[in-house]
Amino acid sequence: NTVIAVQQLGGRSFYSCKVANDEMGDFYFNDLVGHGVETNLRGDRESGTTGRCLVFVTPDADRTMNTYLGITSDLSERELDESELLDSQLLYMEGYLVTSPTGKAAAIKAREIAEKNGIKTSLTFSDPGIVEHFREGFMEMIGKQVDLLFCNEAEALSFTGEQKIEQAARKLKEVAKAFAITRGPKGAYLYDGLREIHVLTQKVDAIDTNGAGDLFAGGFLYGVSNGHSFGESGRLACQLASTLVTKFGARLKTNETKSVKDFILS
């Protein structure tokens, strides 16, 4: 969802992942390339079962996810494309990889390559429960410091052990040169390395929050990698997320994404 959002906004992205040589794998591959995303999947794929996720949305717009990883649990350094990484401005690491020994190793390897070659690094915490149980693994993925950290308020508090967002932010500065903390209807709390920025978001009637964090990250990554300030990138990301939660589904259509971009960045 994040890399497709980058493409919809006019950016260029590459996605390293793992799916099987089955019907669902074909669907996943075609979905990526159909949106213009470059991927490591263009070669032969292994036999097995592609993972999938059932998402249940409750009347309060929250979601419960029932995930089967399938062959994705075996994602490893073999799925890295070093030449594509070296041709990138920024590496984005998915936090869920921390639960897989091979996946975590792949993320660490990618970070090390990026750091060695002056490529900026970013990480998303992904889920409060994951943060609570895999803090040491996240520290391994972070290394000394990532350039940009994405998390929501619950994840920030869980990772730092603090009770207030301002205290959590101070501790996050020890592991990230910059960060973006999403706060749902309160907007976002940003730090660009020099100053803190609070971005407010419009009030909306949310019906489905699934994918909001993904779209926020996609909008923000597009903004900062295309010359926009943290404030502008945060406003774009918040507007995309607040538009998404008024609809069912984890993505906006390309014309909807571009319309938000034109409104915020024009």
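Here are some friendly notes on this predicted model, point by point.

1. Overall size and form. The protein chain has a radius of gyration of 18 Å, and a compact globule with 266 residues would have one near 18 Å, so the two agree. The C-alpha trace spans about 45 × 40 × 35 Å along its principal axes. If you would like a quick check before going into the details, these values are a handy place to begin.

2. Secondary structure and contacts. You will find 11 helices and 10 strands in the protein chain. Among contacts with a separation of 6 or more, 65% join residues that are 24 or more positions apart. Several of the elements come up again below, residue by residue.

3. Burial and surface. Of the 266 residues in the protein chain, 44% are buried. The chain exposes about 13,600 Å², and carbon and sulfur atoms supply 49% of that area.

4. Charge. The protein chain carries 29 positive and 37 negative side chains. The centres of these two sets lie 5 Å apart.

5. Helix 8. This one rewards a view down the axis. Helix 8 covers residues 165-172, and its buried residues are Ile 165, Ala 168, Ala 169 and Leu 172. Seen down the helix axis, these buried residues fall within an arc of 105°, so they line one face of the helix. What lies over them? The cover includes strand 7 (148-152) and helix 7 (153-160), along with strand 8 (179-182) and strand 9 (188-191).

6. Ala 61. Please have a look at the backbone here: Ala 61 is not a glycine, yet its phi is positive, at about 75°. The residue sits in the loop between strand 3 (50-57) and strand 4 (63-70). Is Ala 61 buried or exposed? Its relative accessibility is 1%, and burial means under 20%, so Ala 61 counts as buried.

7. Ser 126. Another non-glycine residue with a positive phi is Ser 126, at about 80°. Its loop runs between strand 6 (120-124) and helix 5 (128-133). With a relative accessible area of 16%, Ser 126 is buried.

8. Thr 58. The loop between strand 3 and strand 4 also holds Thr 58. At 36% relative accessibility, Thr 58 counts as partly exposed, whereas Ala 61 counts as buried. How far apart in space are Thr 58 and Glu 82? Their C-alpha atoms are 41 Å apart, with the two positions 24 residues apart in sequence numbering.

9. Leu 80. Moving on along the chain, Leu 80 lies in the loop between strand 4 and helix 3 (82-86). Its relative accessibility is 29%, and Leu 80 therefore counts as partly exposed. Which residues does Leu 80 contact, leaving aside its neighbours within four places in sequence? They are Ser 16, Ala 106, Lys 109 and Ala 110. Ser 100 is 20 residues from Leu 80 along the chain, and the C-alpha atoms of the pair are separated by 15 Å.

10. Gly 218. Helix 9 (residues 212-224) is where you will find Gly 218. Its relative accessibility is 0%, so Gly 218 counts as buried. With neighbours within four places in sequence left aside, Gly 218 is in contact with Thr 2, Ala 5, Val 6 and Leu 9. Gly 218 and Gly 95 are 123 residues apart in sequence and 15 Å apart in space, C-alpha to C-alpha.

11. Asp 44. To finish, a residue at the surface: Asp 44 is exposed, with a relative accessible area of 85%. Asp 44 belongs to the loop between strand 2 (38-39) and strand 3. The C-alpha atoms of Asp 44 and Leu 236 are separated by 38 Å, and the two residues are 192 residues apart along the chain.

Terms used
Residues numbered from 1 in each chain as written. Predicted model: local features only at pLDDT ≥ 70, side-chain atom pairs only at ≥ 80, totals over all residues. Heavy atoms only, no water. Buried < 20%, exposed > 50% of the residue type's maximum accessible area, 1.4 Å probe, protein only. Helix = DSSP H or I, 4+ residues; strand = E, 2+ residues; numbered from the N terminus. Arc of directions from axis to C-beta. Contact = heavy atoms within 4.5 Å. Rg over C-alpha atoms; globule rule 2.2 N^0.38 Å. Areas by Shrake-Rupley, 256 points an atom, 1.4 Å probe, with all protein chains shown as cover. Lys, Arg positive; Asp, Glu negative; His and termini not counted. Charge placed at Lys NZ, Arg CZ, Asp CG, Glu CD.
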